[in-house]
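I opened the model to look up a few salt bridges, one helix pair and some single residues. My entries follow in the order in which I looked.

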Amino acid sequence: MTLVLTSASGDRRFSLLGRATLVLGRDPISDLPVLDPAVSRRHAELSLDDRDRGVQIVDLGSRNGTWINGSRVTRGMARPGDTVAFGTVTFTVLEVDSVAMRPTPSFAGQEASATMLRERLVPSRDQALADIAVNNDRATARLTQLVRIAQRLGTFGDLDGLLDAIAADLFATFDADRVAVLLAEPDGTLDTRISRDRKGAIPRPVPRAIAHGVAERQVALLTNDAARDTRTAGESVLQQAVKSAMAAPLLGEGRGTLGVLYVDHLREHQAFQDDDLALLVAFAGIASAAVERELAAEQLLQAARVRENFERYFTPQLAERIAGSPTQVSLGGVRQRVVVLFSDIRHFTAIAESLPPTAMAQQLNEYFGAMVDCVFRHEGALDKFIGDAIMAYWGAPEARDDDAERAVAAARDMQEALALLNERWRREGRPELRVGIGIHTGDAFVGNIGSPRRLEFTLIGDTVNLASRLCSLAKSGEVLVSEAMVHSLEGRVACLPRTELRVFRHTSEDSPVWEVASPTHGVTS
């Protein structure tokens, strides 16, 4: 008969035959490895006591203690039927028929077999380096190599270049046939960013069973018989004839999974050893620091680009608020009340034909720049340029009670700014421009429109069409508004009826037209 330790779930089973003293701990090279955060690296010593038919257990100063039948001990005897807990991991001592057994080298639930599987909890980056800094020449050489890798990876300023360098260093460090670098997507899936063999070709994808298991459980893994091991013998492992493989997670400072480093061997079993796994864990610690830095830099750059794009269409203040809360501009859209402004240059085609292309483009850019400044000055948003026309709006994504007044103020501002431009252009001998402006308020669809490849935040509906028709009716220097605008302004802006004009509407009767009076006119009653 012999004694064994069996976990409560039955997924761990250790025979206590072997040397006089066995060390149980979290370190994968322990005699009895238990890969659980609650277990210390060297947690306890166990030895058989044939005279008392039990197991002598000595705690090695573990953080979470050793317990026999619920009582914490520094030294104690466990007999068949007793429960023993190392931290929070509980085993039962059982007596079984004697068989030729040795201490299992298996890890985390693997039965002793010809399959060699190692799993290793990933420590802090500093501890990972310390774990390989033992006093021998090979360890010293490897530590020196890691220092060089750290120096090299710290010099990159872009993520793609960094990942290429990581792949090259993996080949230089390990006797591997293939290497891969995978990064975690926001939804938790893994994206294979680098996957290559020593010829530089792109081989088949990394076996999912290995990569996803390492990422989800945040353990480093070594297998020297991947096809036979139940945890790694997925369809891709069998198809690709993977013999040996190692993988380690890239963990950020907050212990979140950034990705996975993977190396494998297609020709030999037993291609990697425990010290290779320790080296890969240390390598992953260095790489994760560099990857985390570049990911943060990319996020900052992306945020800056988002804000820059928003600033093309919204005021800087509104762009900052939207960039800080992207849900304000969500996919799809809503129907809401807006104020829409169109401005259009009168007789622009004839003017454009009289100018060289570069001169026309320069003058048009000067005009657009001044007009957009007027819109932004009154908290409006730029929708688009349509030829020489401008479409702007108020009320989306944020609405204000005085959006109608802001739109009228912007229109007046645009006319005044154009007058100043015309003075300068006249002095420079360039043609002057004249614009007509139309403004309407009503409900419109507001949201992102387009294809998955290119979305545009815009407004659609009869409200937009009516504002455009008002602009078409406006003569040079005029600002025409709809009756709905007059009602929204509630007499705070002087408007004069233009009874000779009507705006055709598909959905209802024609709309009366009003003209915004100059500030010297009285307020509309």
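**Entry 1: Glu95 and Arg53.** I looked up Glu95 and found its side chain in a salt bridge with that of Arg53, at 2.3 Å from N to O. The model is a predicted one, and I keep that in mind for this distance and for the rest of these notes. Glu95 belongs to strand E11 (residues 89-96). Arg53 sits in the loop between strand E5 (44-49) and strand E6 (54-59). The two are 42 residues apart, and I noted the pair as a link between distant parts of the chain. Is Glu95 buried, exposed or in between? Its relative accessible area is 35%, so I put Glu95 down as partly exposed. Arg53 has 41% and is therefore partly exposed.

**Entry 2: Glu515 and Arg498.** I then went to the salt bridge between the side chains of Glu515 and Arg498, with 2.8 Å from N to O. Glu515 is in strand E25 (residues 511-516) and Arg498 in strand E24 (residues 495-503), so the salt bridge ties together parts 17 residues apart in sequence. I checked accessibility here as well: both Glu515 and Arg498 are buried.

**Entry 3: salt bridges overall.** How many salt bridges does the structure hold? I have 21 on record. I also found a network of salt bridges that links Glu366, Arg424, Glu428 and Arg430.

**Entry 4: Glu366 and Arg424.** From that network I picked the salt bridge of Glu366 with Arg424, whose closest N and O atoms are 3.2 Å apart. Glu366 is in helix H9 and Arg424 in helix H10, 58 residues apart, and the pair links distant parts of the chain. Arg424 has 27% relative accessibility, so I count it as partly exposed.

**Entry 5: H9 against H10.** The salt bridge led me to the two helices. I took H9 as residues 357-377 and H10 as residues 403-427. Their axes come within 9 Å and cross at roughly 150 degrees. Angles over 145 degrees count as roughly antiparallel, and H9 and H10 are therefore roughly antiparallel to each other. The crossing of H9 past H10 is right-handed.

Which residues meet between H9 and H10? On the H9 side I listed Gln363, Glu366, Tyr367, Ala370, Met371, Cys374, Val375 and Arg377. On the H10 side I listed Ala410, Asp413, Met414, Ala417, Leu418, Leu421, Arg424 and Trp425. Sorted by class, this contact has 11 nonpolar, one polar and four charged residues.

**Entry 6: Met77.** I looked up Met77 in strand E9 (residues 75-78). Its relative accessible area is 18%, so I entered Met77 as buried. Leaving out residues up to four places away in sequence, Met77 touches Asp49, Asp52, Gly54, Val55, Gln56, Ile68 and Asp82. I also took the C-alpha separation of Met77 and Leu46, which is 9.6 Å for two residues 31 apart along the chain.

**Entry 7: Thr6.** Thr6 is in strand E1 (residues 2-7). With a relative accessible area of 13%, Thr6 is buried. Beyond residues up to four places away in sequence, I found Thr6 touching Arg12, Arg13, Phe91, Thr92 and Leu94.

**Entry 8: the chain as a whole.** I closed with the totals. The protein chain has 12 helices and 25 strands. Of its 525 residues, 49% count as buried. Among contacts with a separation of 6 or more, 60% are between residues 24 or more positions apart.

Technical notes
Residues are numbered from 1 along each chain as its sequence is written. This is a predicted model: local features need pLDDT of at least 70, side-chain atom pairs count only at pLDDT 80 or more; totals for chains, interfaces and linings use all residues. Side-chain values use heavy atoms; hydrogens and water are left out. Axes are lines fitted to C-alpha atoms, for helices over the stretch in contact, and angles run from 0 to 180 degrees between N-to-C directions. Helices (H or I, at least four residues) and strands (E, at least two) are DSSP runs, numbered from the N terminus. Angles under 35 degrees count as roughly parallel, over 145 as roughly antiparallel, 65 to 115 as roughly perpendicular and the rest as oblique. A crossing is left-handed if the near helix is turned anticlockwise from the far one by less than a right angle, and right-handed if clockwise. Contact means heavy atoms within 4.5 Å. Ala, Val, Leu, Ile, Met, Phe, Trp, Tyr, Cys and Pro count as nonpolar, Asp, Glu, Lys and Arg as charged, and the others, Gly among them, as polar. Buried means under 20% relative accessible area, exposed over 50%, partly exposed in between (1.4 Å probe, protein chains only). A salt bridge is a side-chain nitrogen of Lys or Arg within 4 Å of a carboxyl oxygen of Asp or Glu.
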